[in-house]
Amino acid sequence: MSISVNNRNYDYWEGSFKGYSPEELLALSNKDFYNLMEDFLDIGMNEEILEDYDFFELTDLKKGEFLRNRFLSLLTDCNYQKGKKEINIFRVIGVDEIGEVNFEEKGVCWTYNPENIPLLEFLHLKETKKYKIRFAGITPTDNIDWIYSLFLDFETEYNQELRVYNPKEVLLTGYVSIDFRTNTLYSKDGDISN
């Protein structure tokens, strides 16, 4: 899958099982999942996170089962359904002017949980920007880097991130702009609403 020029500075999974769909990943053995976890550790996964789960006390096959179950939880949390071709995703950015929003390059870091947006605004947006823009969209399930998203599920649990390959394949279903200072909500057409 090609990655747009503006998003090449983001990480995508280049290791074992690259590009696998959720069904292909779930068909893997626990030994394969163990090998995938070893790959995660090799690229620098924060081991302190795993200590909370007594991960290092488990046998290799139990470690694989642990990662499989974590992946199943991710699929459940993001409301993935076998056979469903699209998934709902959400994102927030900060801008000084509404005209700064590039609807062609909507970004690759999305969340599957819309209730997570206020936390992401607090953690990632600078209040020096005038507006926060909240996006809702859908994207094909094969536009998700499922393995790197699983890695991020450990690294940045609060983000609940899904990493998309190509932001041009995200179809916006809606967006709103919100004034940072007053929290006044503006509709898509600029009309003030409550």
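**Exercise 1. Is Asp-179 buried or exposed, going by its relative accessibility?**

Solution. The model is predicted, and the values below are computed from it.

Step 1. The relative accessibility of Asp-179 is 6%.

Step 2. The cut-off for buried is under 20% relative accessible area. Asp-179 therefore counts as buried.

Step 3. Now take the partner. Asp-179 meets Arg-181 in a salt bridge, with 3.9 Å from N to O. Arg-181 has 65% relative accessibility, so it counts as exposed. The salt bridge thus joins a buried residue to an exposed one.

**Exercise 2. Find which parts of the chain are linked by the salt bridge of Asp-96 and by that of Lys-168.**

Solution. Step 1. The structure holds nine salt bridges. Asp-96 forms one of them with Lys-129, and the closest N and O atoms are 3.8 Å apart.

Step 2. Locate each partner. Asp-96 sits in the loop between strand S1 (86-95) and strand S2 (109-111). Lys-129 sits in the loop between helix H5 (117-124) and strand S3 (131-140). The two are 33 residues apart, and the pair links distant parts of the chain.

Step 3. Check the accessibility of both. Asp-96 has 30% relative accessibility, so it counts as partly exposed. Lys-129, with a relative accessible area of 30%, is also partly exposed.

Step 4. Turn to Lys-168. Its side chain forms a salt bridge with that of Glu-105, at 3.9 Å from N to O. Lys-168 is in the loop between strand S4 (161-163) and strand S5 (171-179), while Glu-105 is in the loop between S1 and S2. This pair, 63 residues apart, also links distant parts of the chain.

**Exercise 3. Describe the surroundings of Glu-121.**

Solution. Step 1. Glu-121 is located in helix H5.

Step 2. Its relative accessibility is 7%, so Glu-121 counts as buried.

Step 3. Leaving out residues up to four places away in sequence, Glu-121 touches Val-92, Lys-132 and Arg-134.

Step 4. Compare this list with the salt bridges. Glu-121, Lys-132 and Arg-134 are joined into one network by salt bridges that share partners.

**Exercise 4. How do helices H2 and H6 cross, and which residues make the contact?**

Solution. Step 1. Two packed helices are described by the angle between their axes and the distance between the axes.

Step 2. Apply this to H2 (residues 30-42) and H6 (residues 146-155). Their axes come within 11 Å and cross at roughly 65°. The crossing is right-handed.

Step 3. List the contact residues. H2 contributes Leu-36, Met-37 and Phe-40, and H6 contributes Ile-147, Leu-150, Phe-151 and Phe-154.

Step 4. Sort them by class. The contact has seven nonpolar residues, with no polar and no charged ones.

Step 5. Look at the spacing within each helix. An α-helix has 3.6 residues a turn, so residues three or four places apart point the same way.

Step 6. Place H6 in its setting. Nine of its 10 residues are buried, among them Trp-146, Tyr-148, Ser-149 and Asp-153. The elements that cover the buried residues of H6 include helix H1 (22-26), H2, helix H3 (47-51), helix H4 (60-77), S1 and S4.

**Exercise 5. How many disulfides does the structure hold?**

Solution. Step 1. A disulfide is a covalent bond between the sulfur atoms of two cysteines. The cut-off used here is a pair of sulfur atoms within 2.5 Å.

Step 2. For Cys-78, the nearest cysteine sulfur belongs to Cys-109 and is 16 Å away. Cys-78 is in no disulfide, and neither is Cys-109.

Step 3. Over the whole structure, the search finds zero disulfides.

Step 4. Cys-78 has 4% relative accessibility, so it counts as buried.

**Exercise 6. For Ile-87 and Trp-110, set separation along the chain beside separation in space.**

Solution. Step 1. Ile-87 lies in strand S1. Ile-87 and Pro-140 are 53 residues apart in sequence, and their C-alpha atoms are 6.3 Å apart.

Step 2. Trp-110 lies in strand S2. Trp-110 and Leu-61 are 49 residues apart along the chain, and 32 Å separates their C-alpha atoms.

Step 3. Check accessibility. Ile-87, at 2%, counts as buried, and Trp-110, at 2%, counts as buried too.

Step 4. Look at the neighbours, not counting residues up to four places away in sequence. Ile-87 touches residues including Cys-78, Ile-138, Trp-146 and Leu-162. Trp-110 touches residues including Phe-90, Phe-135, Leu-162 and Leu-172. Leu-162 appears in both lists.

Definitions and conventions: Residues numbered from 1 in each chain as written. Predicted model: local features only at pLDDT ≥ 70, side-chain atom pairs only at ≥ 80, totals over all residues. Heavy atoms only, no water. Axes fitted to C-alpha atoms, helices over the stretch in contact; angles between N-to-C directions. Helix = DSSP H or I, 4+ residues; strand = E, 2+ residues; numbered from the N terminus. Left-handed = near helix turned anticlockwise from the far one by under 90°. Contact = heavy atoms within 4.5 Å. Nonpolar A, V, L, I, M, F, W, Y, C, P; charged D, E, K, R; others polar. Salt bridge = Lys/Arg side-chain N within 4 Å of Asp/Glu carboxyl O. Buried < 20%, exposed > 50% of the residue type's maximum accessible area, 1.4 Å probe, protein only.
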